[in-house]
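Trainee: Could we go through a few of the labels for this model together? I'd like to see how each one follows from its cut-off.

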Amino acid sequence: MLATIRSLGVKGIGGYGVSVEVFVSNGLVNFDIVGLPDAAVKEARERVRAAIKSNGFKFPVSRVTVNLAPADTKKAGTVYDLPIMLGILAATGVIRQPKIDCAFFGELSLNGTLRHVNGALPMAVAAAREGIRELFVPADNAQEASYADGVTVYPVENVSELIAHMRGEFCIKPMEPPKLDPTNVKYLDFADVKGQENVKRAMEIAAAGGHNILMVGPPGAGKSMMSKRLPGILPDMTREEMLKSTEIYSVAGLTGKNNPIIAARPFRAPHHTVSSTAISGGGTIPRPGEISLAHNGVLFLDELPEFRKDVLEVLRQPLEDGEVTVSRVAGTETFPANFMLVCAMNPCKCGWYGHPSGRCRCSANEVRAYHSRISGPLLDRIDIIVEAPALEYEELKNRAPAERSADIKRRVDAARLIQRKRFEGTDILSNSGMNTKALNEYCVLTPECEQLMHDAFDRMGLTARSYDRILRVARTIADLEGEEAIGAMHIAEAIQYRTYDFRENI
């Protein structure tokens, strides 16, 4: 009495096929699960036993052996409850063996109700890749799973409903994926921000080219306020971006019945007490961290110098490569981490260094120590550094409406359209991702621009990385102006965003 039920699992942020083989034989009464199961999988024995009995079926008084193949891959979570139960019922003749192109996953409650599990979309995508045509999932996972192409998803409320469907006594209606419409997403509006026109301009350039940005200013200048509004001027997410972000959030357990798809640009703002593991990802079984949850969106680090040194240094490699590799005893996984880094910091510990009121009492050594918490290599990976001065009373009392996010977004979208056409057929998504070949082709400088860059390189002590980043920012400024060639004004403005010298400001 052997039955095989097709199921799926999650490894990293990708799904893979799993065969649940159930063998019921004579011998001492026992219920074993093999195939490298974790504690949650082993506990399926009691959930399955109770669910079978509570739905009026007889649990076999025999030796039950369940093998989860491939047996050399670690199995985790509660997704195998449903296929294990169906395997036992099929092996004992209660139901027919399901068709070869059908797969099942879901957690069982003791009364047979199916509960939400993590990783539904990655598993549904893997199901289509494995040749599965019909996928039975918990009702709370059905909308999310239905976004996978090439597979029909059936929402299952409970065991009795599924058994009736398999016997032809009842028909479960397939789930139709809701329409994806990123234009209906509501964001905070830049119209709420008073003053700070220079910072708004810098954020517009950052959004247009996907550049990293650091704002330096006293408390209450609006740094956090503007950062939270940045996703509202970024281009709408494409279907591919939404699905990839949803896969990451699904594995992390951040999707559900009420938010089955990530249609808004992610905005992650971890507290400065966050650990390096929480930022990069990890755990006993590698899971995505904050930088992966910010994929296709914004990672906002407020009070940048307050973050631990190891946390900040973890960002260096993902900022260059757009991905992070996490190695643990249980395995090595690579997670996507293509995000915009947005940082904010005070000019000193108290926050008021250089303010005309003279309220700052920090010594030069204290200010120097505060700035030294941020390493040079990390600063070198930030394209734009802009000062956010304290607002004056006249700016605060001004009731005139500021420019809306929708107006800024139109200019950003126009610049991104230019970039999409420019990089069509390559894996470059925006100006910030230009490699050396692209820089040589699309950032050709006139003699006047060359002289500006030469002077800046010598005067500011720029590195090769800083030089390339100035070129990328200048290319974005030219795109915003609709210019084919980079001009002297574009280079000058890009250099301006590298002139904040932490040593000279002490």
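Mentor: Happily! Leu36 sits in the loop between β3 (30–34) and α1 (39–42), where helices (H or I, at least four residues) and strands (E, at least two) are DSSP runs numbered from the N terminus. This is a predicted model, where local features need pLDDT of at least 70, side-chain atom pairs count only at pLDDT 80 or more, and totals for chains, interfaces and linings use all residues. Residues are numbered from 1 along each chain as its sequence is written, and side-chain values use heavy atoms, with hydrogens and water left out.

Trainee: Why is Leu36 called partly exposed?

Mentor: Buried means under 20% relative accessible area, exposed over 50%, and partly exposed in between (1.4 Å probe, protein chains only). Leu36 has 42%, so it is partly exposed.

Trainee: What makes the phi of Leu36 notable?

Mentor: Leu36 is not a glycine, yet its phi is positive, about 55°. Most residues other than glycine have a negative phi. Glu303 also has a positive phi of about 55°; its place is the loop between β14 (298–301) and α12 (309–314).

Trainee: How do you know that Cys360 is in no disulfide?

Mentor: A disulfide is a pair of cysteine sulfur atoms within 2.5 Å. By this rule the count comes to 0 disulfides. For Cys360, the nearest cysteine sulfur, that of Cys350, is 3.7 Å away.

Trainee: And why is Cys443 without a bond?

Mentor: Its closest cysteine sulfur, in Cys449, is 11 Å away, so the distance is too far for a bond. Cys443 has 6% relative accessibility, so it counts as buried.
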